[in-house]
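This report goes through one protein chain, from its general layout to single residues. Please keep the sequence and the structure in view while reading.

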Amino acid sequence: MIILDLLKYFAKFPNKTGVLDIFHNGKSNYAQYAELKKYMESLPEGLVPEIRSFVFGSSLESVKARVNKISGTYLFVDFGEFSCSRDLRNSIEDSQRLAVTVAMKTTNSADITEEAIASDISLELLNKVRGCMLADSEQRERWLEELSTEHTIVPFEAADLNSIGWTLMFDISGSDWFNLKVVSRSFLK
């Protein structure tokens with residue numbers, strides 16, 4: 001459920017229409033598809049509705065296909081690797097690296113002034129997302145309880161996506177997200 005929790009959480013930021021666009025197949029054999037669609041339909045209007053579209057995933061090809069179909073600003077959530085550790089008391093700590101980008105589609109003919117404007121708008125919108133994430137962390141939002149106190153914001157310039165923006169990189173962590181203790185005990189004889 002970790003990936004689906006991320007999907008649900010970040011879906012609250014963009015314009016609701018841009019979020020519902022991710023269900024372009026309309027239906028699926030996966031039971032979770034209908035549940036997620038119903039959940040997304042029940043969301044109120046986005047917290048940062050100036051972000052027009054939603055992109056979620058780690059597959060470059062899927063991301064490119066999605067970005068090619070949208071215009072304007074978008075929120076792109078790229079989930080990364082998990083790190084897991086166990087101490088001498090058998091306490092398990094899991095962490096994940098995440099990148100959250102707010103970018104704007106630009107034209108091939110954009111001049112440097114237009115690129116600066118796109119960059120400035122994207123940074124302002126990313127900071128709104130970041131502010132909400134910090135507030136949620138302080139309110140002990142389930143998966144954000146262990147939001148790292150260190151964040152990095154780096155420029156996002158993707159010529160193959162015709163996009164300019166900013167990426168917030170951070171870590172989240174928690175105790176035994178995967179229920180590894182329970183899973184490992186199930187193999188004991």
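## Burial and layout

Of the 189 residues in the chain, 39% count as buried. The model is a predicted one. Six helices and five strands make up its regular elements. Their order along the sequence is α-α-α-β-α-β-β-α-β-β-α.

## Buried residues in two helices

Helix α4 spans residues 60-67, and V63, R66 and V67 are buried in it. These residues lie on the same side of α4, because they cover an arc of only 95 degrees around the axis. The spacing fits a general rule: an α-helix has 3.6 residues a turn, so residues three or four places apart point the same way.

Another buried residue is F10, which belongs to helix α1. F10 counts as buried because its relative accessibility is 0%. Along the chain, F10 and L75 are 65 residues apart, while their C-alpha atoms are separated by 8.4 Å.

## Salt bridges

How many salt bridges does a search of the whole structure find? The search finds three. One of them joins D136 and K12, whose closest N and O atoms are 2.6 Å apart. This pair links distant parts of the chain, since D136 sits in helix α5 and K12 in the loop between α1 (2-10) and α2 (16-20), 124 residues apart. Is D136 buried or exposed? D136 counts as buried because its relative accessibility is 9%, and the cut-off for buried is under 20%.

Helix α5 also holds K128, and E50 lies in the loop between α3 (31-42) and β1 (53-56); this pair links distant parts of the chain, 78 residues apart. K128 and E50 form a salt bridge in which the closest N and O atoms are 3.2 Å apart. K128 counts as partly exposed, with a relative accessibility of 38%. E50 also counts as partly exposed, at 40% relative accessibility.

D171 and R97 form a salt bridge as well, with 3.4 Å between the closest N and O atoms. D171 is in strand β5 (residues 163-175) and R97 is in strand β3, so the pair ties together parts that are 74 residues apart in sequence. D171 has a relative accessible area of 30% and is partly exposed. R97 is partly exposed too, with a relative accessible area of 27%.

## A patch of negative charge

Which residues gather in a patch of negative charge on the surface? They are D111, E114, E115 and E157. D111 has its place in the loop between β3 (92-105) and α5 (112-138). With a relative accessible area of 40%, D111 is partly exposed. That value meets a condition for joining a patch, because patches are made of residues with over 30% relative accessible area and no salt bridge.

## A positive phi

N162 is a residue other than glycine, and its phi has a positive value, near 50 degrees. As a general matter, most residues other than glycine have a negative phi. N162 is found in the loop between β4 (152-158) and β5. N162 is partly exposed, with a relative accessible area of 28%.

Conventions: Residues numbered from 1 in each chain as written. Predicted model: local features only at pLDDT ≥ 70, side-chain atom pairs only at ≥ 80, totals over all residues. Heavy atoms only, no water. Patch = residues over 30% accessible without salt bridge, like charges linked within 9 Å, V, L, I, M, F, W, Y side chains within 5 Å. Areas by Shrake-Rupley, 256 points an atom, 1.4 Å probe, with all protein chains shown as cover. Salt bridge = Lys/Arg side-chain N within 4 Å of Asp/Glu carboxyl O. Lys, Arg positive; Asp, Glu negative; His and termini not counted. Charge placed at Lys NZ, Arg CZ, Asp CG, Glu CD. Helix = DSSP H or I, 4+ residues; strand = E, 2+ residues; numbered from the N terminus. Buried < 20%, exposed > 50% of the residue type's maximum accessible area, 1.4 Å probe, protein only. Arc of directions from axis to C-beta.
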